[in-house]
Amino acid sequence: MNHDTICALATANGVGALGIIRVSGNKAFEIVNRCFEGKNLSKAESHTVHYGFIKDGDEQIDEVMVSVFKAPRTFTTENSVEISFHGSPHIAKKILEVLIKNGARMAKAGEFTMRAFMNGRIDLSQAEAIADVIASENEASRKVALNQLKGGISNEISELRGDLLNFTSLVELELDFAEEDVEFADRTAMKMLLDSLETKLSALIDSFQYGNAIKNGVDVAIIGKPNAGKSTLLNALLKEERAIVSDIAGTTRDTIEEILHIKGTAFRFIDTAGIRETTDEIEAIGVQKAKEKIATAKILLYLYDEFDSRPQEVIDFVKEFYREDLKIILLHNKIDINGSLENEFDQQLAETLVPVYTTTLLPISAKDQTGIEALKTELIHYVENLKQDESNVIITNQRHYEALQKSLESVTRVKSAISQSFHTELLAYELRYALEHLGEISGEFTNDEVLGNIFSKFCIGK
Ligand code: GDP
């Protein structure tokens with residue numbers, strides 16, 4: 001346990017109307033009292049606010065409001081003080097200096113939240129949720145992060161663990177009576193529990209696809225021959241002239257990324273140089289990049305027009321790049337000229353591709369912005385289809401996802417240990433293993449490296 005009293009700027013580093021400095025630790029009141037001209041904070045009621053001045057010796061630094069939070073009803077569970085001052089970076093620096101001079105030390109990244117976790121006020125998944133709430137950039141990610149902060153995942157996992165723990169204790173009791181060959185843990189009931197655990201764990205694991213999409217956004221690659229209208233489409237989607245549109249084939253040399261939030265989900269559009277064999281060295285770099293972008297994209301928008309493409313080319317392209325986890329949307333562009341879905345070109349595509357490769361075909365005019373709304377609806381459908389109905393809790397964190405996968409594997413192993421009547425000792429071992437992985441999510445089983453990794457990504461003051 002760390003007994004230092006720590007301090008840090010909790011608000012953004014820069015000029016603002018107000019700034020807040022946080023102090024937490026056994027000596028928080030004592031230290032602030034030494035540089036506060038106002039009420040004796042040790043004698044103040046918890047959760048009260050006091051007017052006064054922060055001073056360095058006799059020199060007043062700023063007129064402030066000081067909030068007092070007494071242990072254990074505080075974020076860190078320690079005595080805490082929040083100093084609201086006039087938001088000048090210079091004043092912030094002066095106040096921190098005077099606090100340090102009086103016995104506090106600068107907090108490390110995430111140290112306040114780390115203390116909240118270490119002191120048992122929140123579990124690890126809730127600590128991670130704090131970072132997610134702060135980082136949330138849209139409605140969907142804010143909602144899941146807040147649910148996690150309120151203990152959504154913690155509750156689900158602790159229920160699963162609780163059931164498993166009861167059986168594990170009974171199996172371990174059997175080990176104590178090994179000579180007597182007794183079975184305290186009813187194997188049939190245990191198998192039923194493991195079946196339901198498998199179902200619940202799988203639902204949580206499956207929710208990660210959706211969770212990841214709303215937390216980290218969805219990569220959408222825009223592909224097509226030079227002049228197919230990729231930059232125009234990107235502009236139409238963003239309704240701003242960001243990408244350079246030109247008539248000379250191959251002008252989008254590098255990739256351009258733009259983020260568009262549609263119904264609370266971030267879509268990252270990646271415009272690429274046209275995919276085609278080329279001898280131009282610079283363009284070749286672009287082509288290579290396009291291939292890399294398709295490899296990591298979840299959605300691929302393939303643009304073509306009937307003047308510059310043949311159906312077989314589009315079919316060959318789809319066949320080459322098709323992956324089960326890639327949604328391909330074929331965009332027949334420039335329909336303002338004379339195209340429509342009622343043409344032979346698209347009929348051929350529809351017959352060959354749509355049934356086998358689950359592609360979608362949409363007629364658009366990037367230039368006139370026809371079909372853009374239909375395209376956006378299609379993108380939203382993609383995300384909504386990832387949603388699982390079985391579980392209300394959505395996994396958004398890679399670490400949780402991996403721990404859940406390991407838990408599921410070990411639950412499956414416990415099941416096969418039972419069905420093959422393995423020795424109780426082995427059964428107990430597998431059960432412990434499953435419990436440990438479930439405990440990793442809440443931080444019941446963890447190590448310094450994992451903690452260091454999580455909290456070092458927080459900012460100072462959090
Ligand atoms: P990129 O090379 O694929 O990025 O293609 P651009 O977006 O630069 O477009 C190439 C040319 O096609 C430009 O002159 C655009 O104005 C034109 N263009 C793009 N989309 C449309 C469309 O829907 N209809 C028509 N008529 N022209 C388009």
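The following exchange covers confidence, the core, one helix, one sheet and an annotated site in a predicted model.

Trainee: What is the mean pLDDT of the protein chain?
Mentor: In this predicted model, local features need pLDDT of at least 70 and side-chain atom pairs count only at pLDDT 80 or more, while totals for chains, interfaces and linings use all residues. Residues are numbered from 1 along each chain as its sequence is written. The pLDDT is the predictor's confidence in each residue, from 0 to 100. For the protein chain, 90% of residues reach 70 or more, and the mean is 86.

Trainee: Over which residues is the pLDDT below 50?
Mentor: The stretch has twelve contacts in the model beyond near neighbours in sequence, a contact being two C-beta atoms, placed from the backbone, within 7 Å. The pLDDT is below 50 over residues 243-248.

Trainee: Which helix gives the largest share of the largest nonpolar core?
Mentor: A nonpolar core is a set of buried Ala, Val, Leu, Ile, Met, Phe, Trp, Tyr and Cys residues joined through C-beta atoms within 7 Å. Buried means 20 or more other C-beta atoms within 10 Å of the residue's own, with C-beta atoms placed from the backbone. Of its 108 residues, Val32, Val220, Ile222 and Tyr302 touch the most other members. The largest share, nine residues, comes from α7.

Trainee: Why do the buried residues of α5 line one face of the helix?
Mentor: Helices are DSSP runs of H or I with at least four residues, and strands are runs of E with at least two, numbered from the N terminus. In α5 (residues 139-149), the buried residues are Ala140, Ser141, Val144, Ala145, Gln148 and Leu149. They pack against α4, α6, α7 and β10. They line one face because, by the directions from the helix axis to the C-beta atoms, they fall within an arc of 165°.

Trainee: Which strands are the edge strands of the open sheet of seven strands?
Mentor: Two strands pair if DSSP finds at least two bridges between them. The order is β3-β4-β5-β6-β2-β1-β7, with mixed pairing. Strand β1 pairs with β7 in the parallel sense over two bridges, and Ile6 has Arg105 of β7 as bridge partner. Pairing on one side only marks the edge strands, β3 and β7.

Trainee: Is Asn227 buried or exposed?
Mentor: UniProt, in an unreviewed entry, places a "binding site" at Asn227, Ser246, Ile248 and Thr251; such annotations may be inferred rather than shown by experiment. Asn227 sits in the loop between β8 and α8. With 21 other C-beta atoms within 10 Å, Asn227 is buried.

Technical notes: Buried ≥ 20, exposed ≤ 12 C-beta atoms within 10 Å, placed from the backbone.
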